[in-house]
Amino acid sequence: MKANEQFHRDTWVDVNLDAIRHNIQQVSQLIGPEVAVMAVVKANAYGHGYVQVANTALSSGATHLAVAFIDEALFLRKQGILAPVVVLGASRPADAELAAEHNIQLTIYSKEWVLEAKDYLTRGSNLRVHLKCDTGMGRLGIKTAQELKEIERVIAGTAVISIEGIYTHFATADELDKSYTDHQMETFSSLVAELNEKPPLVHASNSAASLQRKDSLFTIIRFGISMYGLSPSDEIAHRLPVELIPALSLHTTIVQIKKLQRGEKISYGATYEASGEEWIGTLPIGYADGWIRKMQGFEVLVDGLRVPIVGRICMDQCMIKLPAAYPQGTKVTLIGRQGDSEIKIDEVAAYLDTIHYEVTCAISARVPRVYWKDGRSISVLNTLI
Ligand code: PMH
């Protein structure tokens, strides 16, 4: 079946799996064969689609996957993905057995959690955990050597939990000033040194650190935003040592075109008024797709030209002003390339006064994702069927 026969609305995301493969290969070359790659696929793989990204990452050399909570990990398991999955966020002690059963590794950061969880684990279970150290992010984590050693001691006293990893997360690795990350690195290294036994996995680097500092690589990196082809921040974009290819683009089509006369108005609130004869196209994408109301006034690409979004963005539709009577069915690109023109996710993020992470995550589940490999569309994710 053709890709566009698997959904019935002409708005879709294209995900270029070759770009994801390329980005992983680039970072793998940079970090060398001694350091493994954990592909961060939480939040529907930053909006790109859990399963297709996870499988592409694994077949491109990633050994581990990371998600935010157990339900995301269970979803991957349900889709037949067997690779090690690490939950980066908090989990309930009562779910320890469930995680162990599905070979899902959990993040822990308190002795109390271990004491509670071990009562839920049945004899013969082995829950693998990663000890999260808070070295300056102030989010989740063990702060002192004493707490860390206590947790190690309590785990050593149970047969049902084993320490698979120790890690931390950087707060400012995407900034040019490296002093705060240096400080976090020192704190982390001294905490790791306190353990009686070094776990198999030691990790700290997100994309920004992976691409910039060899000293933070340890045994595995946690590669997120740059796997999707995006620079961790504008600040470091010009000094990245590898070429990244963005994987995601967003498209729709003109479903109606009409000629407005001077004084005629557009959309809720009738806030836009034609100043003369104008061609207006209606697009079947709106704020419920993640193309939020604040995008009013931004531009889209039609026939390689930038044209403005006019009037308020509705839940499922919005309108654009066209320079000519383009035919119904004309492709419109909201993120991505048309010929020599491009609207980058960064530009959308800047217009919304946010970061690109938020833009891709916000493209809602009802927008089908079409997956491309070797120049061909190979599958579609349509959560509505
Ligand atoms: N490790 C942890 C613990 C994370 O929270 C994230 C991203 C990553 C790795 C990957 O980072 P990267 O995408 O910069 O490579 N987490 C988040 C977050 O919580 N908000 O924005 C990104």
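Phe75 counts as partly exposed, at 32% relative accessibility, in what is a predicted model rather than an experimental one. The description below starts from this residue and its aromatic partner, and then turns to the overall chain, the nonpolar core, the surface and the charged pairs.

**Aromatic pairs**

A pair of aromatic rings is described by the distance of the centres and the angle of the planes. Five aromatic pairs are counted in this model. One of them joins Phe75 to Tyr50, with 5.4 Å from centre to centre and 55 degrees between the planes, an arrangement classed as tilted. Because Tyr50 belongs to helix H3 (residues 50-59) while Phe75 belongs to helix H4 (residues 70-78), the pair ties together parts that are 25 residues apart in sequence. Tyr50, with a relative accessible area of 16%, is buried, whereas Phe75 is partly exposed.

The rings of Phe188 and Phe218 have centres 5.2 Å apart and planes at 90 degrees, so this pair is edge-to-face. The pair also links distant parts of the chain, since Phe188 sits in helix H8 (residues 179-194) and Phe218 in the loop between helix H9 (207-212) and strand S9 (220-223), with their positions 30 residues apart. Which of the burial classes applies to Phe188? Its relative accessible area is 0%, so Phe188 is buried; Phe218, by contrast, counts as partly exposed at 28% relative accessibility. Elsewhere, Tyr46, Tyr228 and Tyr357 make up one aromatic cluster.

**The chain as a whole and its nonpolar core**

The chain contains twelve helices and 21 strands, and its C-alpha atoms fill a box of roughly 80 × 45 × 40 Å when taken along the principal axes. Of its 385 residues, 52% count as buried.

Which residues of the largest nonpolar core touch the most other members? Among the 114 residues of this core, they are Val41, Leu127, Leu131, Met227 and Trp291. Helix H1 (residues 17-31) supplies the largest share of the core, namely six residues. Domain 1 (35-228) and domain 2 (248-381) each contribute at least three residues to this core.

Leu352 is placed in the loop between helix H11 (345-351) and helix H12 (356-362), and its relative accessible area is 12%, so Leu352 is buried. Its C-alpha atom is separated by 22 Å from that of Ile245, a residue 107 positions away along the chain.

**A nonpolar patch on the surface**

Together, Tyr287, Ile292 and Met315 form a nonpolar patch on the surface with about 260 Å² of accessible area. Tyr287 is found in the loop between strand S14 (278-283) and strand S15 (299-302). Its relative accessible area is 36%, which makes Tyr287 partly exposed; because patches are made of residues with over 30% relative accessible area, this value is in keeping with a place in the patch.

**Salt bridges**

In total, the structure holds 17 salt bridges, and three of them are set out in the table. Glu299 is partly exposed at 29% relative accessibility, and its partner Arg306 is likewise partly exposed, at 34%. Glu342 also counts as partly exposed, with 27% relative accessibility.

| Acidic residue | Basic residue | Closest N to O distance |
|---|---|---|
| Glu342 | Arg337 | 3.4 Å |
| Glu299 | Arg306 | 3.1 Å |
| Asp316 | Arg366 | 2.9 Å |

Because Asp316 lies in the loop between strand S16 (305-310) and strand S17 (318-322), and Arg366 in the loop between H12 and strand S20 (369-373), their pair ties together parts that are 50 residues apart in sequence. Asp316 counts as partly exposed at 32% relative accessibility, and Arg366, with a relative accessible area of 27%, is partly exposed as well. Both residues belong to a network in which salt bridges that share partners join Arg9, Asp289, Asp316 and Arg366.

Note on methods
Residues numbered from 1 in each chain as written. Predicted model: local features only at pLDDT ≥ 70, side-chain atom pairs only at ≥ 80, totals over all residues. Heavy atoms only, no water. Patch = residues over 30% accessible without salt bridge, like charges linked within 9 Å, V, L, I, M, F, W, Y side chains within 5 Å. Areas by Shrake-Rupley, 256 points an atom, 1.4 Å probe, with all protein chains shown as cover. Salt bridge = Lys/Arg side-chain N within 4 Å of Asp/Glu carboxyl O. Helix = DSSP H or I, 4+ residues; strand = E, 2+ residues; numbered from the N terminus. Buried < 20%, exposed > 50% of the residue type's maximum accessible area, 1.4 Å probe, protein only. Phe/Tyr/Trp six-rings, centres within 6.5 Å; stacked < 30°, edge-to-face > 60°. Core = buried A, V, L, I, M, F, W, Y, C linked by side-chain atoms within 4.5 Å. Domains from an automatic or database assignment.
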